[in-house]
Amino acid sequence: MRKVVRASILSLSSALLISGATAAFAASSETDFKAAYAAAEAANKEAGSLRNQWTTTAATLADAKKAADKGDFDAGTASAKEAEALAKASIYQATSEKDAWKALEIH
Amino acid sequence: MNLRSAIQFGLAALALTAFAFGAAPSIAADTPDPVADAKAFQKYFTDRFPKLKLEDFVNGPYSMNEDMHRQWEEKEQFPPYDFGLDLGKELFSKPFKNGKSYADCFANGGIGIRQNYPYFDEKEGKVVTLELALNRCREANGEAPISYLKDDMAALTAYMAFTSRGKPFDIKIPADPRALEAYDNGKRYFYTRRGQLNFSCASCHVQNPGERIRAEILAPALGILNAMPIYRSEWGGMGTISRRFTTCNSQIRGVPLEPQSDEYRDLEYYLSYVSNGLPISGPGARP
């Protein structure tokens with residue numbers, strides 16, 4: 001009986017470990033990628049409306065698509081999230097520079 | 001006028017004057033003053049490089065130290081822009097299919113007029129650059145527009161600049177609020193940081209002229225357009241002002257705007273205006 005309990009605990013622990021690990025690594029399905037990519041594209045479009053897109057955003061978006069086309073949604077999602085962060089930084093730059101540019105002006 | 005009314009009049013005038021002077025600073029702070037800007041801009045560079053004459057600034061990095069200046073003198077003996085210049089002369093005089101030519105589109109047949117571009121077209125309400133005017137000339141005569149960045153456009157502007165060498169930039173801002181707005185937009189673009197590297201045009205060409213960025217010596221913003229178009233060794237060929245603006249943007253990891261967009265036209269207007277009085281030296285050669 002003791003052996004059985006020990007075996008059950010071990011099995012449960014293993015199952016929990018495996019499911020936990022799977023949950024951590026399986027975060028990037030095709031759906032996740034699509035959502036991350038759409039968010040990045042939307043942010044980059046907003047940067048475009050401010051006339052302030054970055055080349056690195058476009059390159060990282062291209063990397064994301066390339067990875068997803070190969071079926072690597074983990075890499076695709078990671079790149080899409082990075083592209084969104086870059087696009088958001090370019091929006092922040094454009095917004096803050098609306099007044100900050102004056103600090104560089106020669107008087 | 002009796003004494004009493006004279007005193008009243010005097011007090012009213014004094015009050016009005018005090019009001020006017022009191023109100024002036026807040027108006028001045030918001031209203032662009034191109035004359036004061038140009039004066040401060042030129043003073044900044046002449047104070048920073050006291051050994052240079054004003055007209056020397058048009059030589060860009062070659063004006064920044066003696067070694068570079070010697071390189072420029074040697075380069076000018078067999079200038080790399082010569083091929084472009086010859087091509088420009090040929091293209092300029094070649095008639096369009098309808099028999100007309102570029103000369104028909106410009107004042108003085110297009111000779112010796114570079115210093116007047118860009119100008120503010122009050123009819124259109126926008127800045128017109130020389131590159132834009134050349135393509136508009138082509139289109140008005142049934143020819144397809146050419147690339148703004150290099151090749152034929154660089155050759156044509158090289159020839160037109162060459163015929164204007166020594167003539168001081170004479171950019172005018174007419175009494176039209178839209179012209180002042182275009183100037184101000186150009187100024188804002190010049191000083192605005194962009195791209196992932198967070199650089200503005202001023203980061204390199206105001207804050208660091210004469211300093212190295214990797215292997216290159218940065219040119220001062222004063223007179224930077226007087227030498228355009230340029231043959232750049234880095235490009236292995238000629239490039240226009242449009243090429244210079246778009247590559248500056250991509251070098252700082254910003255997506256360049258389309259050549260001759262309103263922003264670039266306004267930027268050229270501002271940068272040319274603050275270099276008023278400096279001679280046209282184009283076409284130029286740069287490392």
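**Entry 1. Gly237(B)**

I take strands as DSSP runs of E of at least two residues, numbered from the N terminus. On that basis I looked up Gly237(B) in this predicted model and found it in strand S6 of chain B. I then asked whether Gly237(B) is buried, exposed or partly exposed. I counted 16 C-beta neighbours inside 10 Å, so I entered Gly237(B) as partly exposed; a buried residue would need 20 or more. Setting aside residues up to four places away in sequence, I noted that Gly237(B) touches Lys150(B) and Tyr231(B). I also checked Gly237(B) against Glu124(B), 113 residues away along the chain, and the C-alpha separation came to 34 Å.

**Entry 2. The sheet that holds S6(B)**

I followed S6 into an open sheet of three strands in chain B, ordered S6-S5-S7 with mixed pairing. Which strands stand at the edges? I recorded S6 and strand S7 (284–286) of chain B there; each has a single partner strand, so one side of each lacks a neighbour in the sheet. The twist from one strand to the next averages 35 degrees.

I next examined the pairing of strand S5 (residues 230–232) of chain B with S7(B), which is parallel and runs over three bridges. Within it, I matched Tyr231(B) to its bridge partner in S7(B), Ala285(B). Tyr231(B) had already appeared in my notes as a contact of Gly237(B).

**Entry 3. Helix H9 of chain B**

I listed the buried residues of helix H9 (residues 241–251) of chain B: Ile241(B), Ser242(B), Arg243(B), Arg244(B), Phe245(B) and Thr246(B). What do the buried residues of H9(B) pack against? I found helix H5 (130–140), strand S6 (237–239) and helix H10 (262–273) of chain B. After H9(B) comes Arg253(B), for which I noted a positive phi, near 65 degrees.

**Entry 4. Chain B as a whole, and its core**

I tallied ten helices and seven strands in chain B. Of its 287 residues, 41% are buried. Taking contacts in chain B with a separation of 6 or more, I found that 72% join residues 24 or more positions apart.

I turned to the largest nonpolar core, which has 62 residues. Which residues touch the most other members of this core? I wrote down Ala158(B), Tyr159(B), Tyr270(B) and Leu271(B). Helix H6 (residues 151–162) of chain B contributes the largest share, nine residues. For Tyr270(B), leaving out residues up to four places away in sequence, I listed contacts with Tyr183(B), Gly186(B), Lys187(B) and Phe190(B). I also logged a second, separate core of 17 residues, which includes Tyr37(A), Ala47(A), Ala80(A) and Leu86(A).

**Entry 5. Ile111(B)**

I located Ile111(B) in the loop between helix H4 (82–93) and strand S1 (119–121) of chain B. I counted 15 C-beta neighbours inside 10 Å for Ile111(B), so I classed it as partly exposed. I also checked Ile111(B) against Tyr159(B), 48 residues away along the chain, and their C-alpha atoms are separated by 8.9 Å.

**Entry 6. Chain A**

I found four helices and zero strands in chain A, in the sequence pattern α-α-α-α. Of its 107 residues, 28% count as buried. Among contacts in chain A between residues at least 6 apart in sequence, 71% join residues at least 24 apart.

I then reviewed confidence. The mean pLDDT of chain A is 84, with 75% of its residues at 70 or more. Which element of chain A has the lowest mean pLDDT, and which the highest? I recorded the lowest, 46, for helix H1 (residues 2–25) of chain A and the highest, 98, for helix H3 (residues 55–69) of chain A. Over residues 12–24 of chain A, pLDDT stays under 50, and I found zero contacts beyond four places in sequence for this stretch in the model.

**Entry 7. Where the chains meet**

I counted 20 residues of chain B in contact with 14 residues of chain A. On the chain B side, helix H2 (34–48) and helix H7 (177–191) each supply at least two residues. Which element gives the most to this side of chain B? I noted H2(B), with three residues. By type, I divided the residues of chain B that touch chain A into eight nonpolar, seven polar and five charged.

Definitions and conventions. Residues numbered from 1 in each chain as written. Chains lettered and ligands numbered in written order. Predicted model: local features only at pLDDT ≥ 70, side-chain atom pairs only at ≥ 80, totals over all residues. Buried ≥ 20, exposed ≤ 12 C-beta atoms within 10 Å, placed from the backbone. Contact = placed C-beta atoms within 7 Å. Nonpolar A, V, L, I, M, F, W, Y, C, P; charged D, E, K, R; others polar. Pairing = 2+ DSSP bridges. Axes fitted to C-alpha atoms, helices over the stretch in contact; angles between N-to-C directions. Core = buried A, V, L, I, M, F, W, Y, C linked by C-beta atoms within 7 Å. pLDDT = per-residue confidence, 0-100.
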